[in-house]
Amino acid sequence: MMKEFEGNSGKAGVGARKEEVNELKRAIVYNLFYRQGKPVETATMHDLYMAVAYTIRDRMQHLFINSLENLIAKGVRIVCYLSAEFLMGPHLEKNLVNLGIYQQVVQALEETGLNIRDIADQEPEPGLGNGGLGRLAACYLDSLSSLQVPAIGYGIRYEHGMFHQIIEDGWQKELSDQWLHFGNPWEIKKPEGCYGIGFGGYTRAYTDQEGRFRMRWVPARMVNAVAYDTPIPGYRVNNVNVLRLWSAEAVDTFDFEEFNVGDYYGAVEEKVKAETITKVLYPNDEPMGGKRLRLEQQYFFVSASLQDMIRFHLLKYKSLVNFHEAFAVQLNDTHPALAVPELMRLLMDEHGMGWEEAWKVTTKVLSYTNHTLLPEAMERWSLDLFGALLPRHLEITFEINRRFLEEVRVRFPGDTPKLRRMSIIDETGGRFVRMAHLACVGSHAINGVAELHTGLLKSSTLRDFQELWPGKILNVTNGVTPRRWMMVANPRLSCLISQAIGQGWITDLFQLRELENMADDAGFREEWQKVQEENKDEVARRAMAHEVLIDPASMFDVQVKRIHEYKRQHLNVLHIITLYNRLKANPDMDITPRTFVFGGKAAPGYSMAKLIIKLINSVAQVVNNDPQMRRRLKVVFIPNYNVKMGHLVYPMADLSEQISLAGKEASGTGNMKFSMNGALTIGTLDGANVEIREAVGSENFFLFGLNVEEVMALKASGYHPMDYYQNNHELRAALDLVSSGHFSQGDVQLFKPLVDSLLHRDRYMLLADYQSYVDCQDHVAQVFMDKDRWTRISILNVARMGKFSSDRSINEYCQHIWKATPVPMELKWEHIPEEGIVFRKGR
């Protein structure tokens with residue numbers, strides 16, 4: 001896939017310096033021999049990938065050590081990004097791009113008989129995230145390093161990440177993700193970075209030496225959190241930040257007494273229990289055991305991360321009173337919300353602060369990003385579970401809530417309903433801790449992730465908090481890194497852009513605006529079309545290797561994202577069935593050939609989402625095997641869609657499907673990646689679609705569907721999906737065909753739950769938006785046939801995407817929330833000095 005990007009030649013220029021190439025060749029062989037113990041004759045392609053990866057990691061280490069030494073010396077403010085997910089994607093090519101040695105490595109490999117593509121394809125993808133949340137965190141780490149802002153990403157080193165998806169008989173099947181099976185060359189274990197994490201037990205009151213009332217938590221069990229560090233280099237800078245992931249280990253890994261009496265399981269029971277905490281990303285939380293494990297995971301990484309920050313702080317300062325001046329801690333959604341009571345506990349119980357002083361530090365250091373408007377996605381934990389697992393934290397949470405509600409009472413006297421709505425403790429139908437409320441109360445800033453999303457937070461989801469604290473809720477629209485999603489993913493387009501306007505756009509995406517002047521240049525449009533054709537040809541060749549035939553001349557109509565009813569993949573399917581019905585009724589009809597591409601995973605316990613996957617594959621089975629559809633309609637579902645697959649999909653797409661119901665998607669980032677790579681968007685006024693449409697121009701965006709106000713009005717007046725079904729013959733025909741068993745080998749029951757949910761509930765208003773969507777798709781087909789017009793719009797989409805760089809997002813966080821500034825790093829030494837280093841004695 002990777003055509004050489006001419007701009008990635010680093011300090012060596014377009015022709016990489018021979019001495020640097022030779023040094024790389026020697027290092028690769030050295031790592032193969034001495035680090036892996038593999039002779040060339042028996043080395044596999046994966047062995048060679050590992051040797052290359054170790055070579056590149058070694059070249060980042062002096063930058064990483066230098067950055068760390070500078071941070072300790074300068075005492076600057078460090079951004080700490082706490083996230084349960086970091087969907088980093090493959091490291092190799094991104095690191096080559098950022099270090100500026102891509103061409104040198106390509107040349108070194110070619111001179112040793114290897115190919116960069118073959119090597120890069122060996123890299124397993126760390127499945128440490130489910131989708132947008134983890135991918136956003138990864139983009140932000142790249143931007144923090146590239147903007148030279150000191151930062152640490154804190155998360156969990158899941159032994160088994162997001163499940164590996166295969167499709168059997170059209171159904172999703174989940175297999176364990178084995179990303180660590182052959183080891184991870186990018187990480188470095190730091191056993192000295194180990195912290196004890198407690199669970200359960202009880203609390204005890206006592207009086208300290210100064211006569212002050214204190215509380216002490218006595219946990220029932222302890223586990224160790226061990227750090228694994230992955231360096232995150234910035235683009236062409238000396239700054240290297242770190243992703244620190246925590247792995248759980250037992251305090252005592254082996255009990256000799258149990259072993260000696262023949263209890264072999266008991267001898268390792270504590271080890272098994274401890275390691276379970278970081279075993280799997282997002283365990284099924286339907287059973288109570290799954291809920292407990294998920295809460296354990298959240299507390300585990302939050303506590304370890306805060307203890308780590310405190311230890312780092314005390315290396316330079318004698319007190320924690322200025323902790324908030326040294327760190328800015330961002331809570332990426334509610335998963336790290338336990339940081340509020342945990343930081344209070346650490347400051348008060350472990351470091352002797354009083355409540356008011358600890359609360360001042362806590363609220364000044366923490367800030368919270370909300371990522372959802374869906375009520376069911378707002379995390380909450382039962383008081384019984386919370387108290388059993390974290391008794392001290394429940395006490396602290398109760399006290400936070402008591403003081404907070406007193407503030408609400410003073411501000412809104414007599415408003416009991418508001419008190420109930422705002423309370424951290426939900427007492428409607430059971431007693432629960434509302435984690436979003438806890439995060440809101442314990443943070444100095446709350447932000448949404450798109451202008452529409454933030455507006456809805458203020459007017460609806462968090463309206464009471466907005467009334468209490470006007471100005472506390474801010475907007476920072478999401479962004480994505482162009483280093484990965486253009487340079488790595490689409491080197492052909494990146495090369496064309498750099499030849500046209502220079503390379504400044506890589507770190508200042510607003511410079512893409514210079515492309516606007518070229519949209520009317522016929523020669524440039526022809527080059528642009530050629531890039532797109534080559535990207536599509538490459539995908540067609542790869543698909544053919546898997547015995548999937550697709551026509552690269554057809555429109556590639558793509559929807560890749562997590563499978564969920566609100567994302568409305570089944571609306572897309574209804575359009576496919578409508579086209580199918582039209583062609584069956586009129587085989588001679590002129591139609592724009594399309595290849596519909598789907599990808600995404602359904603949560604293991606989400607039966608309706610799994611049924612949607614089955615429907616997509618069942619429709620594909622019928623459509624793809626119907627001779628009348630040949631070279632006209634094709635439906636493809638990509639199994640196990642991930643970041644690596646995204647490198648292929650985003651550059652190939654002609655049309656980007658962003659069709660969620662207005663008011664349901666917080667932001668989305670796939671919409672940005674598609675537009676950056678030249679795809680045109682069909683979408684609703686939802687999430688960041690609103691801002692993308694404003695940026696690219698309404699005439700360059702295919703808009704359909706109800707807006708937020710219309711959705712709310714229709715719901716308020718009474719929405720009856722059956723009316724749409726009865727009054728629209730094409731919609732009725734599409735749903736009836738599904739119900740008839742046409743796509744299920746005569747099984748009329750298979751898709752009945754899905755059809756019934758649409759006809760009788762239709763929570764996400766597919767039937768209301770259906771006709772608008774189909775009409776808009778008809779318009780898309782007409783525009784696509786005008787290649788010059790389509791290409792011009794494609795160029796303008798890319799030219800106007802400057803706002804959607806994660807660099808812009810991080811700059812806004814730094815300015816408005818974190819108050820963090822760039823700290824350019826000067827190299828003390830580029831390599832270890834020949835005379836060595838003098839170590840301090842007594843260490």
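Helices here are DSSP runs of at least four residues, numbered from the N terminus. With that in hand, we can walk through this predicted model, starting close to the beginning of the chain.

Helix 1 spans residues 18-35, and Ile28 sits within it. Is Ile28 buried or exposed? Its relative accessible area is 11%, and the cut-off for buried is under 20%, so Ile28 counts as buried. Leaving out residues up to four places away in sequence, Ile28 touches Ala51, Val52, Thr55 and Leu109. Tyr49 is 21 residues from Ile28 along the chain, and 9.3 Å separates their C-alpha atoms.

From here, let's turn to the core. In soluble globular proteins, nonpolar side chains tend to be buried together. The largest nonpolar core in this model has 279 residues, and the members that touch the most others are Phe300, Phe327, Ile497, Leu515 and Trp818. Helix 2 (residues 45-74) supplies the largest share of this core, with twelve residues. If you would like to look at one of these well-connected members, pick Ile497: not counting residues up to four places away in sequence, Ile497 touches Met486, Gly502, Trp505, Leu512, Leu515, Trp528 and Val798.

Next come the cavities. The model has seven cavities of 30 Å³ or more, and the largest holds about 110 Å³ of space. Its lining includes Leu71, Ile72, Gly75, Phe312, His313, Lys316 and Phe327. Helix 2 and helix 10 (288-316) are the elements that give two or more residues to this lining. The largest share, four residues, comes from helix 10.

Strand 2 (residues 151-156) makes a good next stop, as six of its six residues are buried. Ala151, Gly153 and Gly155 point one way from this strand, while Ile152, Tyr154 and Ile156 point the other way. Strand 2 pairs in the parallel sense with strand 1 (residues 78-82) over four bridges, and there Val79 stands opposite Ala151. Strand 2 also pairs in the parallel sense with strand 9 (residues 240-250), over five bridges; Ile156 is placed opposite Trp246 in that pairing.

Further along the chain, you will find an open sheet of six strands with parallel pairing, in the order 19-18-17-20-21-22. Which strands stand at its edges? They are strand 19 (633-638) and strand 22 (702-703); each has a single partner strand, so one side of each is left without a neighbour in the sheet. Strand 19 runs parallel to strand 18 (residues 594-599), joined by six bridges, with Val597 opposite Val636. Helix 33 (residues 787-799) packs on the sheet and touches strand 20 (655-658), strand 21 (680-683) and strand 22. The direction of helix 33 makes about 85° with that of strand 21.

Asn617 in helix 24 brings us back to single residues. Asn617 is buried, with a relative accessible area of 18%. Apart from neighbours within four places in sequence, Asn617 is in contact with Ile167, Gly170 and Phe637.

Helix 24 (607-624) also helps to cover the buried residues of helix 31, as do helix 23 (569-585), helix 29 (721-727), helix 30 (729-739) and helix 32 (766-784), among others. Those buried residues of helix 31 (residues 752-760) are Leu754, Val755, Ser757, Leu758 and Leu759. Just after helix 31, Asp762 takes a positive phi of about 45°.

How values were computed: Residues numbered from 1 in each chain as written. Predicted model: local features only at pLDDT ≥ 70, side-chain atom pairs only at ≥ 80, totals over all residues. Heavy atoms only, no water. Core = buried A, V, L, I, M, F, W, Y, C linked by side-chain atoms within 4.5 Å. Buried < 20%, exposed > 50% of the residue type's maximum accessible area, 1.4 Å probe, protein only. Contact = heavy atoms within 4.5 Å. Pairing = 2+ DSSP bridges. Axes fitted to C-alpha atoms, helices over the stretch in contact; angles between N-to-C directions. 1 Å grid on protein atoms, 1.4 Å probe; cavity = no way out; pocket = protein on both sides within 12 Å on 5 of 7 lines; lining within 4 Å. Points joined across faces, edges and corners; volume = space filled by probe spheres on them.
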